[in-house]
Every structure is written in structure tokens, then in C-alpha cells.
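Welcome! Have a look at the chain below and keep it in view as you work through the exercises.

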Amino acid sequence: MKKLFTNDKFFLATVLVAIFGTAIKAVANWIAFPETSGLIVIEVLAALCVLVLFTSYRKHSKNVMKCIVGALLMLVLLYSISCLMDTNGIIAASIVKAFQVLFAAGLFITHNLINSDHHSNAGFIRFNQLLCVLIFLCEVVTTGLFMQINVTVLSKVADVIGAIGFASVVAAIVCVESRLDAYRLDREAAGWTEEKGYPENYIHQYEKK
């Protein structure tokens with residue numbers, strides 16, 4: 001999965017789908033379910049944060065990326081918890097959403113472990129990529145369950161778009177973490193250490209393009 005999550009075109013696709021998917025879901029919820037204001041706020045913030053994440057990635061502002069990723073992971077966790085609290089009494093959906101909360105918490109924890117030092121953490125990166133896939137599967141399953149009780153076309157379409165958008169938010173996060181880890185691997189292979197820093201004449205990956 002490393003090649004997929006470090007692919008710039010895939011990252012761009014996840015960003016676009018995440019921004020438009022969460023924004024459309026927020027508008028749909030505002031029209032059909034205005035009482036879910038907390039969830040709408042999370043969706044709007046997620047869309048804005050993904051936009052900032054992509055902008056900082058393009059500018060190679062790694063510290064900004066790390067900060068925004070942390071904010072997005074908290075939004076992902078809050079979103080998952082909010083969905084768990086509103087499963088319309090569907091037991092199967094509650095079980096799946098409970099697992100999703102655990103996966104989201106896992107993403108948040110491993111993000112902090114990955115950034116606890118300046119070295120690569122390939123194992124944690126692979127773990128986060130797996131969690132991303134599992135969260136996507138949770139969204140697919142629960143969307144299928146909710147579509148059975150939704151009576152309006154707007155609700156069904158919004159659920160599908162929202163699920164894809166939310167999964168893309170998670171994918172965008174993992175793309176950035178995978179890319180940052182690839183930078184660490186590259187500089188370590190070139191001889192970088194915390195004590196000595198970058199070797200002489202080292203060319204950063206973004207400078208090679």
C-alpha cells in the first residue's frame with residue numbers, strides 16, 4: 001500500500017473528494033437535519049482543514065502539515081463518536097461504529113507515536129494504512145445499513161457522498177503521514193542523523209522534482 005499512499009495523484013484525488021464530499025454532506029444535513037448542528041460543524045471544519053493540509057503540502061511546510069493532521073485526526077475521532085451516538089437503534093450499525101471509534105483512536109495514538117521522534121516508523125505507517133482501509137469498510141457497511149431506513153433520496157445520496165468524503169479525509173491524512181515517513185527514510189539512507197543533521201549536498205525529495 002506504500003506506493004498508493006505516497007502517490008501524488010492519489011493524494012490529490014483524496015483531497016478533492018474529501019473537501020467536496022464533506023461539504024456536500026454538511027449542506028445536505030443542514031437542509032434535512034438542521035438539528036445535527038454539531039456534526040455539521042465537524043464536517044465543515046474537516047473540509048477546511050483538508051484544504052489547509054493540501055496547501056501546506058504543496059508549500060512543503062512540514063510543521064504545519066503535522067499540526068493540521070493532528071487537528072483532522074481529532075475531528076475524525078469526534079465524527080466517529082458522534083455517529084456512534086446516533087445509529088437510530090440499529091444494533092449492527094452500533095457495533096460497526098464502535099469499531100470505527102477504536103480505529104479512529106488508533107490513528108490518533110499512532111500519529112503521536114510516529115511524531116515522537118525524527119526517525120522513520122514504517123511499522124506504524126503500515127498500521128495506519130490498514131486502519132484507513134478498515135475505517136473505509138466501516139463506512140461502507142454502516143451506509144448500507146442506514147440506506148435501508150432512509151426514506152428520502154436526499155438522505156440516501158447524502159449518506160453515500162458523506163461516507164466517501166469521510167473515508168477520503170482519513171486517506172488524505174494517511175497519505176501525508178506516508179509521504180513524511182518517505183522523506184525520513186530518504187534522508188536516513190543519505191546519512192542523516194539527529195546529531196549531525198543533513199549530509200553535505202543533500203537534495204530534499206521535493207527538490208528532485
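Three short exercises follow, each with a worked solution. Please keep in mind that this is a predicted model.

**Exercise 1.** Describe the secondary structure of the chain, then say how much of the chain is buried.

*Solution.* Start by counting elements: there are 7 helices and 0 strands. Read from the N terminus, the order is therefore α-α-α-α-α-α-α. Next, turn to burial: 45% of the 209 residues count as buried. Finally, look at the surface, where carbon and sulfur atoms hold 69% of an accessible area of about 10,800 Å².

**Exercise 2.** Find out which helices supply the largest nonpolar core, and what Leu72 touches.

*Solution.* The core has 43 residues, and Phe11, Leu72 and Val170 touch the most other members. At least two core residues come from each of α2 (8-32), α3 (37-58), α4 (62-84), α5 (91-114), α6 (122-147) and α7 (153-189). Helix α7 contributes the most, with 11 residues. Now zoom in on Leu72: apart from neighbours within four places in sequence, its contacts are Ala46, Cys49, Val50, Leu53, Val169 and Ile173.

**Exercise 3.** Decide whether Cys67 is buried or exposed.

*Solution.* First, locate Cys67: it sits in helix α4. Then take its relative accessible area, which is 54%. The cut-off for exposed is over 50%, so Cys67 is exposed. To place this residue further, compare it with Leu53, which is 14 residues away along the chain: the two C-alpha atoms are separated by 9.1 Å.

Note on methods. Residues are numbered from 1 along each chain as its sequence is written. This is a predicted model: local features need pLDDT of at least 70, side-chain atom pairs count only at pLDDT 80 or more; totals for chains, interfaces and linings use all residues. Side-chain values use heavy atoms; hydrogens and water are left out. Helices (H or I, at least four residues) and strands (E, at least two) are DSSP runs, numbered from the N terminus. Buried means under 20% relative accessible area, exposed over 50%, partly exposed in between (1.4 Å probe, protein chains only). Accessible areas come from the Shrake-Rupley method with a 1.4 Å probe; for residues, only the protein chains shown count as cover. A nonpolar core is a set of buried Ala, Val, Leu, Ile, Met, Phe, Trp, Tyr and Cys residues joined through side-chain atoms within 4.5 Å. Contact means heavy atoms within 4.5 Å.
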